[in-house]
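Here is a short briefing to read alongside the structure. Take a moment to look the chain over, then follow the topics one by one.

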Amino acid sequence: MPATPSDPLTTSDHTEAATPTGSRPGAVSGRPRVVLGVAGGIAAYKACELLRRLTESGHDVTVVPTASALEFVGAPTWAALSGKPVHTDVWSDVHQVPHVRIGQTADLVVVAPATADLLAKAAHGLADDLLTNTLLTARCPVVLAPAMHTEMWEHAATRANVATLRSRGVLVVEPAEGRLTGADTGKGRLPDPAELYEVCAEVLSRGTALAPADLAGRHVVVSAGGTREPLDPVRYLGNRSSGRQGYALARAAVARGAEVTLIAANVDLPDPAGVTVVRVETTAQLRDEVVRAAAAADAVVMAAAPADFRPTGVSDAKIKKAADGSAPTIELEQNPDILHEISTHRARPGSVVVGFAAETGDATGSVLDLARAKLARKGCDLLVVNDVSGGAVFGSPDNEAVVLGADGAVRDVPHGTKSALAHVIWDEVVARLEPGLAP
Ligand code: CTP
């Protein structure tokens with residue numbers, strides 16, 4: 001997210017949220033204080049971009065690299081980009097007790113990349129340099145973004161360390177899949193720095209106390225975007241859903257500690273950090289992937305706009321204009337209703353299913369009347385209702401809605417960001433999750 005004057009992280013409202021009364025000593029600069037830890041991995045160069053995004057959006061950033069990190073990117077780079085001196089050990093500026101102060105006064109500590117070694121030290125409470133000391137003294141949210149080769153990420157020792165850290169409320173972001181340092185590919189890449197920035201922004205927007213990640217240990221599935229139903233090799237029937245609300249839901253869930261599967265239908269947005277993205281095109285494909293993922297999910301949110309109809313047949317060849325000028329007739333058949341299916345055949349009893357509805361109201365009833373009827377018809381637990389009588393706003397960064405519960409709950413969500421609506425939806429989901437269901 002590029003810095004903008006309206007960036008919520010730079011507003012006084014946010015600063016108040018970021019520095020609650022009685023929080024850590026020294027957290028009074030007026031700007032959220034972020035410690036950017038950098039461990040010794042090749043992805044250290046990507047942390048420069050994260051640093052830039054943090055500083056440009058108004059954060060006060062202290063970079064704490066490890067000695068190994070400086071083998072990849074030197075101290076002058078970090079100092080120049082952060083505007084502060086950079087130390088790796090606890091023996092510089094000892095009179096300011098930096099090994100305690102930096103962690104104590106932070107509103108957020110993010111380590112990117114976090115190596116297998118750094119994860120091991122953090123999990124076991126080792127403190128042999130400034131970064132590991134900072135992790136021990138931090139009482140604010142801690143985000144670790146691991147990057148390493150797949151074998152190291154999958155090693156039993158690393159799995160155990162990640163589990164330990166997550167059980168303590170540390171947000172360990174799942175690495176991305178793709179090209180690694182050598183010619184090999186697999187899971188272990190540092191997510192895109194712009195998306196890591198979004199994780200930091202989400203976490204900071206939730207306040208700076210070390211709040212329990214209320215979706216930790218939960219697997220959630222979100223669908224996003226609009227499906228396309230092919231007519232011939234070059235044409236399709238589709239809709240204008242941008243996928244932004246679904247992506248905001250996925251980002252918000254990551255920041256609350258969930259394992260997130262995002263099933264994206266024709267969305268032109270970057271993969272959110274820490275999310276498994278499955279790409280689909282048609283409603284039938286979306287249905288198969290949602291049903292597959294729902295089997296292990298605690299919650300499913302259907303934010304996608306699936307096409308309700310598809311052409312009965314797809315022409316193998318491009319449909320040509322007829323010589324007599326007549327237009328072709330396209331016959332349609334109905335697609336499966338995914339929300340209805342996953343609501344009425346719950347693979348996981350006790351899971352929470354959320355639907356969306358864009359309504360205008362008509363002669364038979366108001367927006368809320370129609371929405372209540374839809375909630376009952378679909379069988380889901382929550383329905384997020386957008387009143388689109390003034391015209392649907394596709395691709396807008398904002399949203400406003402009413403969240404209806406099958407239990408009769410009605411929650412008005414005033415005009416605000418899609419991220420804010422996403423957090424309200426997760427609040428309502430969390431309130432309905434059965435405690436015993438966590439894996
Ligand atoms: N939905 C779905 N499968 C479909 C169509 C819609 O799962 N084939 C989901 C959407 O993702 C959304 C919810 O159902 O969460 C409501 O979508 P909407 O288009 O309003 O529902 P419809 O049943 O198509 O209702 P309407 O006849 O009013 O269009």
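**Two domains and a sheet**

The domain assignment splits the chain into domain 1, covering residues 33-205, and domain 2, covering residues 219-432. Keep in mind as you read that this is a predicted model. We will start with how the two domains meet, then turn to a sheet of eight strands.

**How the domains meet**

- Start with the spacing: the C-alpha centres of domain 1 and domain 2 are 35 Å apart.
- Where the two domains touch, ten residues of domain 1 are in contact with twelve residues of domain 2.
- The size of an interface is often given as the accessible area lost when the parts come together.
- For domain 1 and domain 2, the buried area is about 850 Å², and carbon and sulfur atoms give 61% of that area.
- Three residues stand out on the domain 1 side: Leu171, Glu195 and Glu202 supply 61% of the area that domain 1 buries against domain 2, more than any other three residues.

**Polar links across the interface**

- Three residue pairs are in polar contact across the interface of domain 1 and domain 2, counting pairs with both residues at pLDDT 80 or more.
- Helix α10, made of residues 193-205, gives the most to the side of domain 1 that touches domain 2, with six residues.
- How many salt bridges are there between domain 1 and domain 2? The count is one.
- Arg251 and Glu195 form a salt bridge, and their closest N and O atoms are 3.0 Å apart.
- Within the whole structure there are 25 salt bridges.
- The pair of Arg251 and Glu195 links distant parts of the chain, 56 residues apart: Arg251 sits in helix α11 (residues 244-255), and Glu195 sits in helix α10.

**The eight-stranded sheet**

- Try tracing the open sheet strand by strand: its eight strands come in the order β12-β11-β8-β13-β16-β17-β18-β19, with mixed pairing.
- Which strands form the edges? They are β12 (275-280) and β19 (410-417), each of which pairs on one side only.
- From one strand to the next, the twist averages 20°.

**A closer look at one strand pair**

- Strands β17 (residues 382-387) and β18 (residues 398-405) run antiparallel and are joined by four bridges.
- To find your place in this pair, look for Leu382, which stands opposite Gly405 in β18.

Notes: Residues numbered from 1 in each chain as written. Predicted model: local features only at pLDDT ≥ 70, side-chain atom pairs only at ≥ 80, totals over all residues. Heavy atoms only, no water. Pairing = 2+ DSSP bridges. Axes fitted to C-alpha atoms, helices over the stretch in contact; angles between N-to-C directions. Domains from an automatic or database assignment. Contact = heavy atoms within 4.5 Å. Buried area = accessible area lost by both parts, 1.4 Å probe. Salt bridge = Lys/Arg side-chain N within 4 Å of Asp/Glu carboxyl O. Polar contact = N/O pair within 3.5 Å; in protein donor to acceptor, adjacent residues only side chain to side chain.
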